[in-house]
Amino acid sequence: MERLLPVVYEELKVLAASYLRRERVDHTLSPTGLVHEAYLKLVDQRSVGWEGRSHFFGIAAQAMRRILVDHARRRIAKKRGRQFQVTLDTAAERAGAPPDEEVAAVDEALARLAALDPRQARLVELRYFAGLSIEEAADVLGVSPATVKRDWVLARAWLQRELRPEA
Amino acid sequence: MSLSADRWRVVKAVFAELAELPTDLRRVRLAEMTFNDPELRAEVESLLAAADQVGERFERPPVDLFEAAAEPVVGERIGPYLVVREIGRGGMGTVFEAHRADDAFQKRVALKMVARGRDSDAILRRFRYERQILARLEHRNIAALLDGGVTAAGQPYFVMEYVEGQRIDRYCADRQLPVAERLKLFRQICAAVQYAHQNLVIHRDLKPSNVLVGADGTVKLLDFGIAKLIDPEAAPDEPLTVTGVAPMTTAYASPEQLQGFPVTTASDIYSLGVMLYQLLTGRLPFETGDLPLLEIRRRMVESVPLPPSRAVTTTGGAGTDPSTRRLQRALAGELDNIVMMALRKEPDRRYTSVEALGEDVLRFAAGLPIRATPDSLPYRLGKLVRRNRVAVVATGVALVAVIGGAGASLWQARTAGLERDRAERERAKAEQVTEFFRNVILAASPTRLGPRVTVLEAIDATIPRIDSAFAADLWMRTALRSTIGSTFYDIGIPERAGPLLREALTFQERLDSGRVTWAGATALYNVAGVELQFGHLAVAESLFRRSMAMYESLPDRDPVEIAKGWGQVALVVGNQGRTAEAIELHHKVVELLRQGAAPGDRGLPVAISNYASLLTEAGRFEEAEPLYREAVTLMEASNPRDPAVGAFLQPLAINLLYAGRIAAAESAGRRSLAITEAALGPDNPTTLTALRGLLNVLVDAGKCPEAMPLARGVIARRGAVIPDSDLSLGSAYLQLGECLVLTGEAASGLTALREGARLREAILPPDHWAVAHARSLIGMALVRTGDRAGGQRLLGEAHRSLEAALGAGHYRTRQAAARLAAAER
């Protein structure tokens with residue numbers, strides 16, 4: 001599996017970059033779209049031995065995570081030094097973390113979750129980073145959709161707690 | 001965090017179970033499942049709190065990473081608007097100043113981008129639907145909602161009138177405004193909210209950051225209707241009552257919002273109360289601090305805040321006002337009462353309208369007497385017990401509700417502004433009661449029979465201690481008996497409730513010494529409920545009627561509560577077979593409640609369903625069916641998994657069966673059982689009633705193979721779990737017996753039928769149709785065991801009785817006729 005990761009990673013990166021160069025106004029781009037597109041391309045080439053779609057998705061999710069996290073980290077670095085924003089609402093309110101910071105924080109939190117519960121950490125990768133559906137994620141993990149649903153509720157709660165908005 | 005993977009598995013299991021439960025049950029289950037393990041409890045609690053908070057977060061991949069334009073920037077166009085600058089951001093989204101790109105006058109607007117992860121299509125659909133209503137809101141104190149749309153990237157936004165001003169709380173603090181000025185500002189808010197309510201719009205997210213004050217002192221409310229537009233749960237066709245807690249801010253949310261119950265105009269009144277509290281004291285009624293969200297919510301739902309005058313002594317009060325004592329004097333008494341009335345837990349006990357609240361504030365400012373009155377403990381306790389009693393007939397209420405509820409009422413007593421000495425006395429008592437219950441819960445041991453039983457057992461074990469603990473205090477002995485007794489009653493153990501409630505009544509009579517009091521009427525009412533449970537219908541009726549006479553002679557009677565009480569009388573009358581009289585009573589009760597009951601009041605659907613049951617009894621199936629459906633819909637609106645939904649589906653199933661629609665009846669019966677069993681467990685009387693209904697349908701649908709094991713299951717629990725007085729027990733024998741006879745085992749069937757008939761005759765009057773039905777079944781069994789003559793005689797008698805009770809055309813009568821005809825062949 002590790003052998004395949006670089007191939008998928010490169011392919012996804014190329015796809016992502018090509019999207020970034022396009023006119024952005026009329027395009028909404030989702031990781032799900034990217035992953036499915038990469039799958040079609042790579043499977044078409046038949047250059048690597050895939051053990052089916054689920055296998056690919058599992059690897060693609062890892063790759064997407066890396067791409068998205070790298071991308072977010074670069075943007076965070078760029079943003080530093082810019083003016084900070086005023087918060088209107090009271091501290092009691094939920095503050096929505098800006099997406100870049102959130103992605104980076106999820107990545108860090110996932111490392112901790114993986115130590116407790118590897119399956120749950122992979123689930124976050126599949127759902128949050130690769131945008132797979134509950135059923136697709138269930139396929140990849142080899143468990144029932146009901147189990148995935150239950151795990152997903154807890155995983156999101158866990159992330160919410162770990163990523164508590166900074167005061 | 002020092003969790004191990006093993007430990008995490010436990011956390012996961014506990015979380016998985018609790019996450020499925022309604023919020024109010026979670027706390028008990030959590031306490032039970034994590035007994036003696038505070039670390040585990042804290043862990044699960046914080047995860048549950050996070051689960052409540054998380055909303056849609058993480059549900060979608062971080063799409064906008066690839067879109068540099070995810071967040072509009074200055075100079076960019078959003079729809080026809082040109083973004084000028086960012087004004088602020090919060091949980092719900094980011095707000096920008098903008099103006100129409102094609103507008104020569106460059107009129108400024110505020111453009112609110114909704115946070116990602118919400119369903120854009122649904123929001124937009126809702127926006128289009130609501131737009132006309134919201135566009136109608138033209139008021140000098142309301143910032144108009146001008147437009148709304150979706151960006152090219154699919155992100156919804158709203159455009160509002162641009163308001164230049166400062167948040168009201170900061171405005172007051174910065175200028176150190178005196179109380180009178182703060183009240184003037186507050187009345188402007190009231191005027192705006194009142195106007196919106198008259199236009200059938202609820203704000204649902206009232207808080208200082210949504211109230212701006214302009215330089216000229218004019219108040220503007222922002223975001224009217226926005227909360228509802230963005231809430232995915234809100235039904236678009238219900239302008240006045242909607243459920244869903246999605247976007248509101250916890251600190252200002254009403255107890256019903258926190259619990260996911262329907263949101264009404266009363267919820268806005270509560271939020272206004274929180275704001276008034278804050279404007280007067282400089283702090284929130286419930287300080288959130290570092291507490292876990294779950295705990296904050298629990299407090300907000302259960303406990304009563306300090307009255308404003310007391311709150312200022314613990315802080316600086318009203319920002320930086322130096323003369324705290326003066327402020328305290330200004331607040332004590334009437335302003336306290338106004339705020340506390342707006343902050344009452346029960347929506348129907350707050351001000352009836354924002355207008356009434358605003359008027360009281362005005363009356364206070366003008367030095368006129370105000371309308372708000374303080375709460376009193378006996379009143380609260382009586383109300384609490386009685387309300388639960390009314391609800392329980394159809395539903396059954398969980399243990400916590402009562403104990404937690406008692407806690408709330410006692411807290412209220414602590415803060416009620418009664419005459420000094422009485423208040424002092426009651427405060428001491430309230431503390432004693434609280435302490436007593438705390439000890440009870442702490443004494444509960446997890447090693448006994450099981451989590452749920454443990455708490456009950458613990459309470460049970462403390463009953464003998466009541467008298468020694470409060471030897472000199474008759475009031476306490478009475479109050480504790482009444483509270484514990486109602487708890488047992490509400491969770492369906494009338495055997496344990498009975499003695500306690502009877503003693504409470506005896507003691508109460510001594511306390512009242514001939515005076516008519518609320519507590520006395522309630523004590524009587526409670527005992528009537530017990531008698532009803534035991535099937536002593538005539539006694540129950542007379543007690544109910546006596547109790548109602550007392551309630552009706554009280555000066556502060558509440559017509560809605562009294563109507564509900566009469567609903568009980570109607571039930572008892574109906575159970576005694578006086579159908580016409582009962583229908584009359586039920587009809588009146590429903591009419592009264594339709595006029596007077598607050599939206600979301602469970603009393604109305606309960607009354608409707610009871611009314612419909614009587615119509616079923618009278619064979620008026622066509623009239624009954626829409627009423628059941630109305631009751632189900634009303635209840636589902638607040639919570640589709642409420643056991644009451646199941647409780648209402650049961651008689652609907654029977655109604656459909658009698659109307660000959662077996663398939664529909666079966667599906668209603670199955671839903672009824674599924675809902676009640678999930679909510680209340682298999683042994684609860686309401687669940688058993690649902691099962692009884694389903695069994696009726698199954699037997700008549702010829703599904704004996706499925707019905708028989710279910711009926712045997714009920715019979716197996718006779719005694720320890722199901723008392724002989726439970727109608728469902730007799731029914732189970734009859735259903736099993738009928739199936740046995742039909743499947744060729746007439747002899748054993750006859751035994752079961754006889755037992756069923758005996759149990760029924762012990763509860764019901766001899767001329768009740770259900771007794772005749774049982775006899776008809778016995779007649780059929782006799783014929784099949786060879787006693788042709790005896791069987792035919794019984795069948796004939798039963799048929800005549802049924803015809804007399806229900807009429808010739810009734811389903812049960814026709815069944816009996818068919819049995820008779822078959823026997824004569």
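**Exercise 1.** At what angle do helix H7 of chain A and helix H3 of chain B pack, and how far apart are their axes?

*Solution.* The model is a predicted one. In it, H7 (residues 145-162) of chain A and H3 (residues 38-54) of chain B pack at an angle of about 95 degrees, their axes being 8 Å apart. Angles of 65 to 115 degrees count as roughly perpendicular, and H7(A) and H3(B) are therefore roughly perpendicular to each other. On the side of H7(A) the contact includes A:Val153, A:Leu154, A:Ala157 and A:Trp158, while H3(B) contributes, among others, B:Leu47, B:Ala50 and B:Val54. The residues of this contact divide into eight nonpolar, three polar and two charged.

**Exercise 2.** Determine whether B:Leu272 is buried or exposed, and place it among its contacts.

*Solution.* B:Leu272 belongs to helix H9 (residues 265-281) of chain B. A residue is buried if 20 or more other C-beta atoms lie within 10 Å of its own; B:Leu272 has 27 such neighbours and therefore counts as buried. Leaving aside residues up to four places away in sequence, B:Leu272 touches B:Ile189, B:Cys190, B:Val193, B:Leu206, B:Ala342, B:Val354 and B:Leu357. For B:Cys190, which is 82 residues apart from B:Leu272 along the chain, the C-alpha separation is 7.8 Å.

**Exercise 3.** Describe the open sheet with the order E7-E8-E9 in chain B, and identify the helix that packs on it.

*Solution.* This sheet has three strands with antiparallel pairing, and its edge strands are E7 (166-167) and E9 (219-221). Two bridges join E7(B) to E8 (residues 211-213) of chain B, and B:Arg167 stands opposite B:Leu212 in E8(B). Helix H6 (residues 179-198) of chain B packs on the sheet, where H6 touches E8 and E9 and its direction makes about 40 degrees with that of E9(B).

Technical notes:
Residues are numbered from 1 along each chain as its sequence is written. Chains are lettered from A and ligands numbered from 1 in the order in which they are written. This is a predicted model: local features need pLDDT of at least 70, side-chain atom pairs count only at pLDDT 80 or more; totals for chains, interfaces and linings use all residues. Helices (H or I, at least four residues) and strands (E, at least two) are DSSP runs, numbered from the N terminus. A residue is buried if 20 or more other C-beta atoms lie within 10 Å of its own, exposed if 12 or fewer, and partly exposed in between; C-beta atoms are placed from the backbone. Two residues are in contact if their C-beta atoms, placed from the backbone, lie within 7 Å. Axes are lines fitted to C-alpha atoms, for helices over the stretch in contact, and angles run from 0 to 180 degrees between N-to-C directions. Angles under 35 degrees count as roughly parallel, over 145 as roughly antiparallel, 65 to 115 as roughly perpendicular and the rest as oblique. Ala, Val, Leu, Ile, Met, Phe, Trp, Tyr, Cys and Pro count as nonpolar, Asp, Glu, Lys and Arg as charged, and the others, Gly among them, as polar. Two strands pair if DSSP finds at least two bridges between them.
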